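Q: Could you take me through one helix of this model and its surroundings in some detail? I'd like to see how that part sits within the whole chain.

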Amino acid sequence: MDIAGYAALVSGAASGLGAATASALAAQGATVYGLDLDKAVAEAGPQPDGVTLIAADVTEDVSVRNALSRIHDDGAQLRLAVNCAGIAPSARILGRGGPHDLDLFHTVLKVNLLGTFNVLRLTAEAIARQEPDVDGQRGLIVNTASIAAFEAQTGQTAYAASKAGVAGMTITAARDLAQHGIRVVTIAPGIVDTPMMAGFSDEVRAGLGASVPFPQRLGRPDEFARLVTMVVEHDYLNGETIRMDGALRMKSR
């Protein structure tokens, strides 16, 4: 699929994986609408040419619908959606302060899993309205899981459950949307150098990088973005979860 001249929606676009993806898609000629929370949009600063940030909460029906209405009102044809919004708090099931906070578990699932599904279902409806290409394809939705979906570390139960849910719905979503000419692919990154890593010391970051078999370093957001563009271009990739992790398999801690 050629994204040039069409619209792409990217959630979590104010920073990290989302910002890198929005920039890469705009560089390929797409008109990119990036969704993020009000505060993140306000603090994001100037955007690359072709990228427009919209304040929206991916967990809210009306919020995402309003963003899609903006794309429609601009006369843009939506062909691609990339789900990058997510959170990764850490807590043990039973810690020094007692059992895992239930509200925290609910929040992680709400943002990472329900938010992804909300954007998936609503963008699928919008993409399905587009005219198909010669192969019957109307568009693509790329979701973001994590290698924690398969082997998470101590304290990542909520995060692992949410990302396992994203990975788990990939093949079913691809099959559901096949009749509409929409592909669904999930990317499961390993340890990527995003703002989520900003709180770690250089020593800890170096240690994390050294744990990766090869290349022995942290992943980069631009590498995630490049993988998104590769998935866009490869029309036979569908219903698959692709690990981007340097062959890393996480230990228990």
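A: A quick definition before we zoom in: helices here are DSSP runs of H or I with at least four residues, numbered from the N terminus. Keep in mind that this is a predicted model.

Let's go with helix H8, starting from the overall frame. The protein chain has eight helices and nine strands. Its radius of gyration is 18 Å, close to the 18 Å that the globule rule gives for 253 residues, so the chain is as compact as a globular protein of that length. Along the principal axes, the C-alpha atoms fill a box of roughly 55 × 40 × 35 Å. Buried residues make up 47% of the 253 residues. Of the contacts with a separation of 6 or more, 72% are between residues 24 or more positions apart.

Now for H8 (221-233). This helix has 13 residues and reaches 19 Å from its first C-alpha to its last, close to the 18 Å expected at 1.5 Å a residue. What in H8 is buried? Pro221, Glu223, Phe224, Ala225, Leu227, Val228, Thr229, Val231 and Val232 are. Those buried residues pack against H1, strand S4 (78-83), strand S7 (139-144), strand S8 (182-189) and S9.

Pick out Thr229 from that list, as threonine 229 lies in H8. Its relative accessible area is 8%, and the cut-off for buried is under 20%, so threonine 229 counts as buried. Leaving out residues up to four places away in sequence, threonine 229 touches Ala24, Leu25 and Gln28.

Two of those partners take us to helix H1, which covers residues 16-27. At 1.5 Å a residue, its 12 residues should span 16 Å, and the end C-alpha atoms are 17 Å apart, which agrees. Leu25, a partner of threonine 229, is also one of the buried residues in H1. The others are Gly16, Leu17, Gly18, Ala20, Thr21, Ala22 and Ala26. Just after H1, glycine 29 takes a positive phi of about 95°.

The third partner gives us a handy distance check. Glutamine 28 and arginine 70 are 42 residues apart in sequence, and their C-alpha atoms are 21 Å apart in space. Arginine 70 is found in helix H3 (residues 61-73) and counts as partly exposed at 36% relative accessibility. Its contacts, setting aside neighbours within four places in sequence, are Tyr33, Thr52 and Ile54.

Back to H8, this time looking at either side of it. The loop between helix H7 (202-210) and H8 holds proline 215. A cis peptide bond joins phenylalanine 214 and proline 215, with omega about -5°. As a rule, most peptide bonds are trans, and most residues other than glycine have a negative phi. On the backbone front there's also alanine 247, a residue other than glycine whose phi is positive, near 70°. You'll find alanine 247 in the segment after strand S9 (241-244), and S9 is among the elements that the buried residues of H8 pack against. With a relative accessible area of 47%, alanine 247 is partly exposed.

Definitions and conventions:
Residues numbered from 1 in each chain as written. Predicted model: local features only at pLDDT ≥ 70, side-chain atom pairs only at ≥ 80, totals over all residues. Heavy atoms only, no water. Helix = DSSP H or I, 4+ residues; strand = E, 2+ residues; numbered from the N terminus. Rg over C-alpha atoms; globule rule 2.2 N^0.38 Å. Buried < 20%, exposed > 50% of the residue type's maximum accessible area, 1.4 Å probe, protein only. Contact = heavy atoms within 4.5 Å. Expected span 1.5 Å × (residues − 1).
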